[in-house]
Amino acid sequence: MAKDITANKMKRKEYEKELGKLQVELCHLQEWVKAQKLKVIIIFEGRDAAGKGGTIKALTEKVSPRVFRVCALPAPSDRQKSQLFLQRYIEQYPAGGEIVIFDRSWYNRAGVEYVMGFCSPADHKRFLELCPLVEKFAVDAGIILIKLWLEVGMEEQELRFKARIEDPLRQWKLSPMDTESFGRWYDYSRARDMMFEATDTKHAPWRLIRSDDKRRARLNVISHILQTIPYKKIKRDKVKLPPRSHKGRYNDQASLRGRKFVEERY
């Protein structure tokens, strides 16, 4: 029986304390990935308003974007529509020393494209057949592939949609596609189940995270990633600042007089 976390959501103070600890470990992981030239893909999928964006932000806010690269591809162009379906995603695969985070991925074909009729049933069936094979090639080539599904409940999703409607800071998150998906809950559930049945493989398994409590979900995701990628702390040489040279010294603030600064309103 699933644990009911909706009645006992994590407090901010506790969350920030635990998040800080995990973010330190992410920095250690980052150095290990760079040193070992590891190639990592992390896929975030889930229903609209499941908390993917906030989780990715918590995961990446303290690390280098040159190592943790977020990929959120827009709708395909006419040229890309004529390519192999997976082609534009494969172009984003990591080089050595990179972790690529897909904020939605090729699994669009198993979800929104299938439910909304943007691909044919034959295209959908072919994707489910070929996807495990493509992922097997990637894993066999040395890529560490982590697939995460954030599972939000029906009532919690409705609360989040209503918050987006009312809050001007969140309204940009609400698209016509989001509102359409709201009315098709069970269509998306069936598409999810078909996707898991076909693509939850031994070489590229799915891991599900309940995300009604956003804070717990973020911590559980980061903890899982740290456990999935074996890493060691790399001892770094202590950095010492060199003395500043005073050669050519002059009043470099006086030379700014008369320049236009931004008005200090705060």
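In this predicted model, R104 has a relative accessibility of 26% and therefore counts as partly exposed, a class that lies between the limits of 20% and 50%. R104 is placed in the loop that joins β3 (98–103) to α5. The phi angle of R104 is near 70°, which is a positive value in a residue other than glycine. Most residues other than glycine have a negative phi. A positive phi is also found at K37, where the angle is near 55°. K37 belongs to the loop between α1 and β1 (39–46). With a relative accessible area of 58%, K37 is exposed, because the limit for that class is over 50%.

The chain as a whole contains 10 helices and five strands. Its C-alpha atoms fill a box of roughly 70 × 45 × 45 Å, taken along the principal axes. Of the 266 residues in the chain, 39% are buried. Among contacts between residues at least 6 apart in sequence, 80% join residues at least 24 apart.

One of the buried residues is Q23, which is found in helix α1 (residues 12–36). The relative accessible area of Q23 is 8%, and Q23 is therefore classed as buried, since the limit for that class is under 20%. When residues up to four places away in sequence are not counted, Q23 touches A58, E61 and K62.

Helix α6 was examined in further detail. This helix covers residues 121–140, a run of 20 residues. From its first C-alpha to its last, α6 reaches 29 Å, close to the 28 Å expected at 1.5 Å a residue. The helix also contains a kink of about 35° at L130, shortly before the proline P132. Just after α6, G142 takes a positive phi of about 105°.

The buried residues of α6 are H124, F127, L128, C131, P132, E135 and A138. An α-helix has 3.6 residues a turn, so residues three or four places apart point the same way. The buried residues of α6 pack against three elements, namely α5 (112–115), β4 (143–151) and α9 (185–199). D140, which is also found in α6, has a relative accessible area of 54% and is therefore exposed, as this value is over 50%. D140 and G20 are 120 residues apart in sequence, and their C-alpha atoms are 34 Å apart in space.

Helix α6 also takes part in the second largest pocket, to whose lining it gives six residues, the most of any element. The volume of this pocket is about 270 Å³. The elements that give two or more residues to its lining are α4 (87–90) and α6. The lining consists of L84, F85, L86, Q87, I90, R109, D123, R126, F127, L130, C131 and V134. By type, these residues divide into eight nonpolar, one polar and three charged. L130, where the kink of α6 lies, is among the lining residues of the pocket. F127 and C131, which are among the buried residues of α6, also line the second largest pocket.

How values were computed
Residues are numbered from 1 along each chain as its sequence is written. This is a predicted model: local features need pLDDT of at least 70, side-chain atom pairs count only at pLDDT 80 or more; totals for chains, interfaces and linings use all residues. Side-chain values use heavy atoms; hydrogens and water are left out. Helices (H or I, at least four residues) and strands (E, at least two) are DSSP runs, numbered from the N terminus. The expected span of a helix is 1.5 Å times one less than its number of residues. The bend at a residue is the angle between axes fitted to the seven residues ending there and the seven starting there. Buried means under 20% relative accessible area, exposed over 50%, partly exposed in between (1.4 Å probe, protein chains only). Contact means heavy atoms within 4.5 Å. On a 1 Å grid over the protein atoms alone, a cavity is a set of points where a 1.4 Å probe fits but cannot get out, and a pocket is an open set with protein on both sides within 12 Å along at least five of seven lines; lining residues have an atom within 4 Å of a point. Grid points are joined across faces, edges and corners, and a volume is the space filled by probe spheres set on the points. Ala, Val, Leu, Ile, Met, Phe, Trp, Tyr, Cys and Pro count as nonpolar, Asp, Glu, Lys and Arg as charged, and the others, Gly among them, as polar.
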